[in-house]
Amino acid sequence: MKVWLLEKFNYEDSYNIGIYTEEGKKKFLETLYETVRQDDEKTLRLCDERIKQLIEERKVFHKDSEELLKEERLAKENGDREKMLAIRRKRRATLRVEEEYTHKIRIIGYEKNDILNGSKEGRINHYLNQNNLNFYEYELDSNFNIVPEYLWLD
(Lines give C-alpha, C1' and ligand atoms only; values in the text may rest on other atoms or scores of the structure.)
Protein backbone atom coordinates (compact mmCIF):
# COMPACT_ATOMS: atom_id res chain seq x y z
CA MET A 1 0.00 0.00 0.00
CA LYS A 2 1.37 3.40 -0.98
CA VAL A 3 1.45 6.25 1.50
CA TRP A 4 2.73 9.80 1.23
CA LEU A 5 4.67 11.52 3.98
CA LEU A 6 4.22 15.30 4.13
CA GLU A 7 7.35 16.94 5.45
CA LYS A 8 8.31 20.55 6.01
CA PHE A 9 11.98 20.85 5.23
CA ASN A 10 14.26 23.85 5.21
CA TYR A 11 17.74 24.51 6.52
CA GLU A 12 16.58 25.81 9.88
CA ASP A 13 13.98 23.20 10.73
CA SER A 14 12.42 20.05 9.37
CA TYR A 15 9.58 17.95 10.68
CA ASN A 16 6.87 15.58 9.52
CA ILE A 17 3.37 16.99 9.24
CA GLY A 18 1.46 13.84 8.44
CA ILE A 19 1.23 10.62 6.53
CA TYR A 20 -1.55 10.19 3.98
CA THR A 21 -3.07 7.48 1.87
CA GLU A 22 -4.04 8.28 -1.70
CA GLU A 23 -7.55 9.37 -0.65
CA GLY A 24 -6.20 11.32 2.30
CA LYS A 25 -3.71 13.11 0.09
CA LYS A 26 -6.48 14.10 -2.34
CA LYS A 27 -8.64 15.43 0.52
CA PHE A 28 -5.68 17.29 1.99
CA LEU A 29 -4.88 18.90 -1.36
CA GLU A 30 -8.55 19.91 -1.80
CA THR A 31 -8.59 21.65 1.57
CA LEU A 32 -5.18 23.14 0.85
CA TYR A 33 -6.51 24.56 -2.42
CA GLU A 34 -9.04 26.63 -0.47
CA THR A 35 -6.16 28.17 1.48
CA VAL A 36 -4.23 28.73 -1.74
CA ARG A 37 -7.25 30.34 -3.38
CA GLN A 38 -7.75 32.70 -0.44
CA ASP A 39 -4.06 33.62 -0.45
CA ASP A 40 -4.23 34.23 -4.20
CA GLU A 41 -7.23 36.53 -3.77
CA LYS A 42 -5.34 38.55 -1.16
CA THR A 43 -2.31 38.70 -3.44
CA LEU A 44 -4.41 39.85 -6.40
CA ARG A 45 -5.97 42.63 -4.31
CA LEU A 46 -2.51 43.71 -3.14
CA CYS A 47 -1.24 43.63 -6.73
CA ASP A 48 -4.11 45.83 -7.91
CA GLU A 49 -3.52 48.30 -5.08
CA ARG A 50 0.22 48.39 -5.73
CA ILE A 51 -0.30 48.91 -9.47
CA LYS A 52 -2.69 51.82 -8.81
CA GLN A 53 -0.19 53.35 -6.41
CA LEU A 54 2.69 53.02 -8.89
CA ILE A 55 0.60 54.51 -11.69
CA GLU A 56 -0.19 57.54 -9.54
CA GLU A 57 3.48 57.96 -8.64
CA ARG A 58 4.49 57.56 -12.29
CA LYS A 59 2.06 60.31 -13.39
CA VAL A 60 4.13 62.90 -11.51
CA PHE A 61 7.27 62.01 -13.47
CA HIS A 62 5.33 61.91 -16.75
CA LYS A 63 3.97 65.39 -16.13
CA ASP A 64 7.44 66.67 -15.22
CA SER A 65 8.94 65.19 -18.39
CA GLU A 66 6.23 66.84 -20.53
CA GLU A 67 6.96 70.23 -18.92
CA LEU A 68 10.69 69.75 -19.44
CA LEU A 69 10.05 68.86 -23.09
CA LYS A 70 8.19 72.14 -23.58
CA GLU A 71 11.08 74.04 -21.95
CA GLU A 72 13.58 72.14 -24.10
CA ARG A 73 11.71 73.05 -27.30
CA LEU A 74 11.48 76.67 -26.22
CA ALA A 75 15.22 76.79 -25.50
CA LYS A 76 15.90 75.21 -28.90
CA GLU A 77 13.72 77.79 -30.66
CA ASN A 78 15.58 80.57 -28.84
CA GLY A 79 18.95 79.07 -29.90
CA ASP A 80 20.20 78.53 -26.33
CA ARG A 81 22.03 75.24 -26.84
CA GLU A 82 23.54 74.92 -23.33
CA LYS A 83 20.18 75.42 -21.65
CA MET A 84 18.56 72.99 -24.09
CA LEU A 85 21.15 70.28 -23.31
CA ALA A 86 20.82 70.80 -19.55
CA ILE A 87 17.04 70.48 -19.77
CA ARG A 88 17.39 67.40 -21.99
CA ARG A 89 19.59 65.70 -19.34
CA LYS A 90 16.99 66.44 -16.66
CA ARG A 91 14.19 65.18 -18.90
CA ARG A 92 16.02 61.95 -19.71
CA ALA A 93 16.66 61.31 -16.01
CA THR A 94 12.96 61.87 -15.37
CA LEU A 95 12.05 59.50 -18.20
CA ARG A 96 14.37 56.83 -16.75
CA VAL A 97 12.58 57.03 -13.41
CA GLU A 98 9.24 56.82 -15.24
CA GLU A 99 10.47 53.70 -17.07
CA GLU A 100 11.49 52.15 -13.75
CA TYR A 101 7.94 52.60 -12.52
CA THR A 102 6.63 51.07 -15.74
CA HIS A 103 8.96 48.10 -15.24
CA LYS A 104 7.72 47.60 -11.67
CA ILE A 105 4.12 47.71 -12.90
CA ARG A 106 4.92 45.14 -15.59
CA ILE A 107 6.55 42.76 -13.08
CA ILE A 108 3.52 42.96 -10.79
CA GLY A 109 1.32 42.34 -13.84
CA TYR A 110 3.32 39.20 -14.65
CA GLU A 111 2.83 37.94 -11.08
CA LYS A 112 -0.88 38.67 -11.36
CA ASN A 113 -1.11 36.81 -14.70
CA ASP A 114 0.71 33.80 -13.22
CA ILE A 115 -1.92 33.60 -10.51
CA LEU A 116 -4.86 34.12 -12.87
CA ASN A 117 -3.64 31.71 -15.55
CA GLY A 118 -2.26 29.03 -13.23
CA SER A 119 -3.92 25.66 -13.03
CA LYS A 120 -5.22 24.25 -9.77
CA GLU A 121 -2.35 21.76 -9.53
CA GLY A 122 0.19 24.40 -10.47
CA ARG A 123 -1.04 26.79 -7.79
CA ILE A 124 -0.97 24.01 -5.17
CA ASN A 125 2.57 23.00 -6.18
CA HIS A 126 3.66 26.65 -6.05
CA TYR A 127 2.22 26.96 -2.53
CA LEU A 128 3.90 23.73 -1.40
CA ASN A 129 7.27 24.83 -2.81
CA GLN A 130 6.94 28.31 -1.36
CA ASN A 131 6.29 26.88 2.11
CA ASN A 132 8.97 24.15 1.88
CA LEU A 133 6.43 21.32 1.96
CA ASN A 134 7.23 18.05 0.22
CA PHE A 135 5.38 14.79 -0.30
CA TYR A 136 7.50 11.64 -0.20
CA GLU A 137 6.10 8.35 -1.46
CA TYR A 138 6.60 5.18 0.57
CA GLU A 139 5.31 1.60 0.56
CA LEU A 140 3.85 -0.08 3.63
CA ASP A 141 4.82 -3.70 4.10
CA SER A 142 2.56 -6.35 5.66
CA ASN A 143 3.55 -5.25 9.20
CA PHE A 144 2.72 -1.62 8.39
CA ASN A 145 6.35 -0.59 8.41
CA ILE A 146 7.36 2.14 6.00
CA VAL A 147 9.66 0.84 3.30
CA PRO A 148 11.39 3.61 1.37
CA GLU A 149 11.94 3.21 -2.34
CA TYR A 150 15.64 3.82 -1.92
CA LEU A 151 16.60 0.57 -0.20
CA TRP A 152 20.28 1.12 -0.91
CA LEU A 153 20.44 3.37 2.19
CA ASP A 154 19.73 0.45 4.55
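A charge is taken to sit over a ring if NZ of Lys or CZ of Arg is within 6 Å of the ring centre and within 35 degrees of the ring normal. In this predicted model, the charged end of Lys 120 sits over the ring of Tyr 33, 5.2 Å from its centre. Lys 25 offers another case, lying over the face of Phe 135 at 4.9 Å from the ring centre.

Phe 135 also leads into the aromatic pairs, of which the structure holds 4. The rings of Tyr 20 and Phe 135 have centres 6.2 Å apart and planes at 65°, so this pair is edge-to-face. Distant parts of the chain are linked here: Tyr 20 belongs to strand 2 (residues 14-20) and Phe 135 to strand 3 (residues 133-140), with their positions 115 residues apart. Ring pairs bring Phe 28 into the picture as well, joining Tyr 20, Phe 28 and Phe 135 in a cluster.

Tyr 20 deserves a second look. Its relative accessibility is 19%, so Tyr 20 counts as buried. Leaving aside residues up to four places away in sequence, Tyr 20 touches Val 3, Trp 4, Leu 6, Lys 25, Phe 28 and Phe 135.

Tyr 20 is also part of the largest nonpolar core, a set of 9 residues. Its fellow members are Leu 6, Phe 28, Leu 32, Val 36, Ile 124, Tyr 127, Leu 128 and Leu 133. Helix 1 (22-78) and helix 3 (120-130) each contribute at least two residues to this core. A second core, separate from that one, has 6 residues, among them Ile 51, Tyr 101, Ile 105 and Ile 108.

Technical notes. Residues are numbered from 1 along each chain as its sequence is written. This is a predicted model: local features need pLDDT of at least 70, side-chain atom pairs count only at pLDDT 80 or more; totals for chains, interfaces and linings use all residues. Side-chain values use heavy atoms; hydrogens and water are left out. Rings of Phe, Tyr and Trp (its six-membered ring) pair if their centres lie within 6.5 Å; planes under 30 degrees apart count as stacked, over 60 as edge-to-face and the rest as tilted. Helices (H or I, at least four residues) and strands (E, at least two) are DSSP runs, numbered from the N terminus. Buried means under 20% relative accessible area, exposed over 50%, partly exposed in between (1.4 Å probe, protein chains only). A nonpolar core is a set of buried Ala, Val, Leu, Ile, Met, Phe, Trp, Tyr and Cys residues joined through side-chain atoms within 4.5 Å. Contact means heavy atoms within 4.5 Å.
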